[in-house]
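Work through these exercises with the model open beside you. Try each task before reading its solution.

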Amino acid sequence: MLWLLIAVAALVFGVASALQIRGALEREREFRAAPDCAAVPVRASGCVWEQEFTVRTADTNRGERNASPEAELMSPSGTSWQVTFLRADPVVSELEPDDKVVGLIWHGQVVEVRDSDGRRQQTSDGPVGWPEDRLGGALACVSFGLAALVGGLWPLLARGDRRHAKAGTVVRWHGVGLGATAILTLWAQSANDWPMWAIPAIWGPLALVTLASATAFAIAAVRGDLDDAPGDAQPQTT
């Protein structure tokens, strides 16, 4: 029953991520097409503006549960801007108080920070990279959820059959492999700055191999090929 609950939760999250891909793509395209502001924007605007900031505080929050890397930036006018990041590298981990950085402002939010060495990092409000994250999350959760659902229902539909129960276990754990492969593919795509289509292009063949393995092992389990051989039993002592 626990596997069924996990499967349903994963499928709900995966479908929600898939539905957000289009919106994330549109937001990223809008950002990339945004013109430079002709003057300092006095209110949230669709143009982009580069603003110099002085770092007041910066903390990676490593070791802190549910705490994102963050920094407090001060504009020349003395206005404080609180920004958070999805990860610490490459910029936040190197920031020190009184460092000078350039922030890219879009729709009234700092969406990117550039340090004095020219390194750039998106903030949590940045639109770049979200479509890839949503796609990777959808692939991971939906593939795992479907496999977990099948593997969870299989023993229930063949209650009392040890071989079918083992086949269900095989399918469930191959589902874990499918999800993990999608996450690793997303990590590789992000680390190497590959285009979004690289995610399904890499994950697809790996998923097919995993599904073929799951099918072969499930058939073997139902046939009894995975049953313990009589000679494998441990002798009992009295």
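**Exercise 1: the helix pair**

In this predicted model, the axes of helix α1 and helix α2 (residues 130–157) come within 7 Å and cross at roughly 160 degrees. Decide how α1 is oriented relative to α2: roughly parallel, roughly antiparallel, roughly perpendicular or oblique.

Solution.
- Start from the crossing angle of roughly 160 degrees.
- Apply the cut-off: angles over 145 degrees count as roughly antiparallel.
- Therefore α1 is roughly antiparallel to α2.
- Next, add the handedness: α1 passes α2 in a left-handed crossing.
- Finally, sort the contact of α1 with α2 by class: 24 residues are nonpolar, six are polar and three are charged.

**Exercise 2: the sheet**

Give the strand order of the open sheet and say which strands lie at its edges.

Solution.
- Six strands build the open sheet, and their pairing is antiparallel.
- Read across, the order is β3-β2-β1-β4-β5-β6.
- The edge strands are β3 (80–84) and β6 (120–122), since each pairs on one side only.
- From one strand to the next, the twist averages 40 degrees.

**Exercise 3: one strand pair and its helix**

How many bridges join β4 to β5, and which strands does α1 touch?

Solution.
- Locate β4 at residues 100–106 and β5 at residues 109–114.
- Five bridges join these two antiparallel strands.
- Find Trp-106: it stands opposite Gln-109 in β5.
- Now turn to helix α1 (residues 2–33), which packs on the sheet and touches β1 (48–59), β4 and β5.
- The direction of α1 makes about 115 degrees with that of β4.

Note on methods. Residues numbered from 1 in each chain as written. Predicted model: local features only at pLDDT ≥ 70, side-chain atom pairs only at ≥ 80, totals over all residues. Heavy atoms only, no water. Pairing = 2+ DSSP bridges. Helix = DSSP H or I, 4+ residues; strand = E, 2+ residues; numbered from the N terminus. Axes fitted to C-alpha atoms, helices over the stretch in contact; angles between N-to-C directions. Contact = heavy atoms within 4.5 Å. Parallel < 35°, antiparallel > 145°, perpendicular 65-115°, else oblique. Left-handed = near helix turned anticlockwise from the far one by under 90°. Nonpolar A, V, L, I, M, F, W, Y, C, P; charged D, E, K, R; others polar.
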